[in-house]
Amino acid sequence: MRAPLIKNDNLQKLIWPLMALGIILLFNMLFTPGFFHMEIKDGHLFGSLVDIVNRGAPVMLLSIGMTLVFATGGIDLSVGAVMAISGALAATIIRPDYVKGVLAYGELRSLFIVVSIPLILSVAAGLWNGILVAFVGIQPIIATLILMVAGRGIAQLITQGQIVVFVHGPFQTIGSGFFLGLPFPISIVIFVAAATYLITRKTAMGLFIEAVGANPVASRYMGVKERMIKVAVYMFSGLCAGIAGLITCADIRAADANNAGLFLELDAIAAVIIGGTMWGGRFTLAGSIIGTLIIQGLTTTILTIGIAPEITLVFKAVVIIGVALIQSEVVRKTLIHRLAGWKVRRA
Amino acid sequence: MKLAVLNQKNIPILATIAVFFLIYTVGSVMYTGFFSLRVFTNLFIDNAFVGVIAIGMTFVIISGGIDLSVGSVIAFVGVLTAKLIHVYHIHPVLVLLIAFVFGAVFGFGMGCLIHFFDLPPFLVTLVGMFLARGLAFLISLNAIPIKHPFLNRLVDFGIPLGFRAWLPTTGIIFIVVVLIGIYLSHFTRFGRNAYAIGGSEQSAILMGLPVGRTKILIYGLNGTLAALAGIVYSLYTLSGYPLACVGLELDVIAAVVIGGTLLTGGAGYVEGTLIGVLILGLIQTFITFQGTLSSWWTKIAIGVLLFIFILLQRYLSESSITAKSAP
């Protein structure tokens, strides 16, 4: 009687999130005219759906990194702060003297420098988290809490508490440009998701990550370099956060150390949990992406209905707790029990 | 042997006290007026709302849980109080009662979800955080002033302490909550159960302790204290603002950890949390007195302190494990 309703394990895991997403789309099909309308203007794709994915791009990146961290049994609270640091750095590299009140740009920095230095530092931030978790042995919530608190302070230190506005053609493309007809952030997400999928599912890396999460001691005895995997996963999460920070910063053409990425760690965590990845063990990247789409779809839907965007939080809360309850062991067992009883009676 | 273990348990709180005196001494030597009763009482007044909720959080963390919803609950209670008094003209006493009931029910509900459905506290209280913040926005998107003769009298009330210092209502509430917290943690069955659950939930169940009831009560208590903190905060600012106390939960957790409570649960003191809160307040006072340091240094300083204390805890718990496993 415990036999799964659907044979494919992965699909079975995704069925609840997919249903939630389906309900949101169905609602919009009925009540939002033109929701599914898409058109190609000047070789670029436009439409509500494209917009949802585009707005959700930073959180998608965060949730990809967060999924792997979750799979090793950890959590990364610092991603929002890392986003702020990365954006602050990029803006300050473009206008180094802005914080001193000099409005001139100085020499034009190449895109490579503007992008690479923040990313290197984001990875370094991940390395710091990873070392604290894997080598010092601090619980992940706390280890990353340190950078979450101090990181935003560091970002404000970089911009001296100011909002650094800038103009930099090539860099702005990252936030608001197009690539092969798709908004650039979406292209980046597709690239990162595909690369992560290949690395984790087409090599043994994914298995190692799941092994470390499911049983660190056993995997160490099996010869999996448990600590290195943990460090690598946090570094990857830092990298994803860094890219997300660059996208946000390039999109608004300013670095706002106070608000960049604020609370996005919570959105990312929510997306991963809605997607069906729980602490330690099996993870599903597709689930996390769907989770992000659910959250972003909900936000857009509420905006189009005309309710104040701040109230989305209430809906987010209801959706997260609903999905978490459905996936919880207790509810599942009760359901299976009921279902079994029903089948027996019918027979 | 027993004395050594006892000493080791006390090291974090001793370190906390040392840090407090260090910052206080450095400040007093560097700046005139830092060492005064007024600055000291201001620590209690300005951090009253943080202190009230940090006491509740101490119980949650001692029992091995966490509550991320407190900042949002404070904002919600503030907005609710302001709206009911300012727009609906309901008497403050009744409003305060409503706020308490809300806080208790909210915490109780989260405790039930955590216990009966076996969901991680982190997830449930994260949802609570979204929910309370969203509800606050639902009531009002803007700040609402709080004006009422009764509340003005409450705010103006205070005990003069001499040297131009006085202790107003909010400070008194803070101290009373600390005393209640100390009583609960040291002298009641509830307190001992909380420590036992944090030490090992499995063992607590096997010992026949009322684990579920205690856990739900702890979250209920924390919700009630969050409501009280919300009331203290609205008395402090005399307004309700839905964006108030964003990220406060992290400051509160930091205060509890700096106060010497182990994040793994099972060990910690309410007294330590009091000093942890005062240290956070001292850092802010220090930066205000310094004048040229900007506000972000507060965050960096708290982060660094948090890091040092966590390292200390880590080192201590490791050495206690080796001590236990040694023949």
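**Entry 1: domains of chain A**

I began with the distance between the two domains of chain A in this predicted model: the centres of domain 1 and domain 2, taken over C-alpha atoms, are separated by 31 Å. The contact between them draws nine residues from domain 1 of chain A and nine residues from domain 2 of chain A. I then asked which elements give two or more residues to the side of domain 1 that touches domain 2. They are helix 11 (264–275) and helix 12 (285–305) of chain A. Helix 12 of chain A gives the most to that side, with five residues. By class, I noted seven nonpolar, two polar and no charged residues on this side of domain 1 of chain A. For reference, the domain assignment places domain 1 at 43–306 and domain 2 at 310–347 of chain A.

**Entry 2: overall form of chain A**

I looked up the secondary structure of chain A and found 14 helices and six strands. The radius of gyration of chain A is 21 Å, against the 20 Å that the globule rule gives for 347 residues, so chain A is as compact as a globular protein of that length. I recorded the span of its C-alpha trace along the principal axes as about 80 × 55 × 35 Å. Of the 347 residues of chain A, 49% count as buried. Turning to contacts in chain A with a separation of 6 or more, I found that 78% are between residues 24 or more positions apart.

**Entry 3: the nonpolar core**

I next examined the largest nonpolar core, which has 210 residues. Val52(B), Ile53(B), Ile74(B) and Leu306(B) are the residues with the most contacts inside this core. Helix 10 (residues 226–252) of chain A gives the most to the core, with 16 residues. Why does the core lie between domain 1 and domain 2 of chain A? Both domains give residues to the core, so the core lies between them.

I followed Val52(B) further, leaving aside its neighbours within four places in sequence. The contacts of Val52(B) are then Ile173(B), Phe174(B), Val177(B), Leu225(B), Leu228(B), Ala229(B) and Val232(B).

**Entry 4: where the chains meet**

I looked up the contact between the chains: 31 residues of chain B touch 35 residues of chain A. On the chain B side, the elements that give two or more residues are helix 6 (121–139), helix 12 (248–258) and helix 14 (296–325). The residues of that side divide into 24 nonpolar, three polar and four charged.

**Entry 5: two hairpins**

In chain A, I traced strand 1 (residues 38–41) and strand 2 (residues 44–47), which run antiparallel and are joined by four bridges. Met38(A) stands opposite Gly47(A), and Glu39(A) has Phe46(A) as its bridge partner. The two strands of chain A form a hairpin with two residues between them. In its turn, Asp42(A) has a positive phi of about 50°.

In chain B, I found that strand 2 pairs with strand 3 (residues 165–168) in the antiparallel sense over four bridges. Pro160(B) has Trp166(B) of strand 3 as its bridge partner. This hairpin of chain B has two residues between the strands, and Phe163(B) takes a positive phi near 50°. How many of the five residues of strand 2 (residues 158–162) of chain B are buried? The number is zero, so strand 2 of chain B lies largely in the open.

**Entry 6: helix 2 of chain B**

I listed the buried residues of helix 2 (residues 37–46) of chain B: Val39(B), Thr41(B), Leu43(B), Phe44(B) and Ile45(B). I then asked which elements these buried residues pack against. They pack against helix 3 (48–62), strand 2, strand 3, helix 8 (169–187) and helix 13 (270–290) of chain B.

**Entry 7: Thr203(A)**

Where does Thr203(A) lie? I placed Thr203(A) in the loop between helix 7 (184–201) and helix 8 (205–214) of chain A. With 10 other C-beta atoms within 10 Å, Thr203(A) is exposed, because a residue counts as exposed at 12 or fewer. I also checked Thr203(A) against Lys13(A): they are 190 residues apart in sequence and 22 Å apart in space, C-alpha to C-alpha.

Methods. Residues are numbered from 1 along each chain as its sequence is written. Chains are lettered from A and ligands numbered from 1 in the order in which they are written. This is a predicted model: local features need pLDDT of at least 70, side-chain atom pairs count only at pLDDT 80 or more; totals for chains, interfaces and linings use all residues. Two residues are in contact if their C-beta atoms, placed from the backbone, lie within 7 Å. Ala, Val, Leu, Ile, Met, Phe, Trp, Tyr, Cys and Pro count as nonpolar, Asp, Glu, Lys and Arg as charged, and the others, Gly among them, as polar. A nonpolar core is a set of buried Ala, Val, Leu, Ile, Met, Phe, Trp, Tyr and Cys residues joined through C-beta atoms within 7 Å. A residue is buried if 20 or more other C-beta atoms lie within 10 Å of its own, exposed if 12 or fewer, and partly exposed in between; C-beta atoms are placed from the backbone. Domain bounds come from an automatic or database domain assignment. The radius of gyration is taken over C-alpha atoms; the globule rule is 2.2 Å times the number of residues to the power 0.38. Two strands pair if DSSP finds at least two bridges between them.
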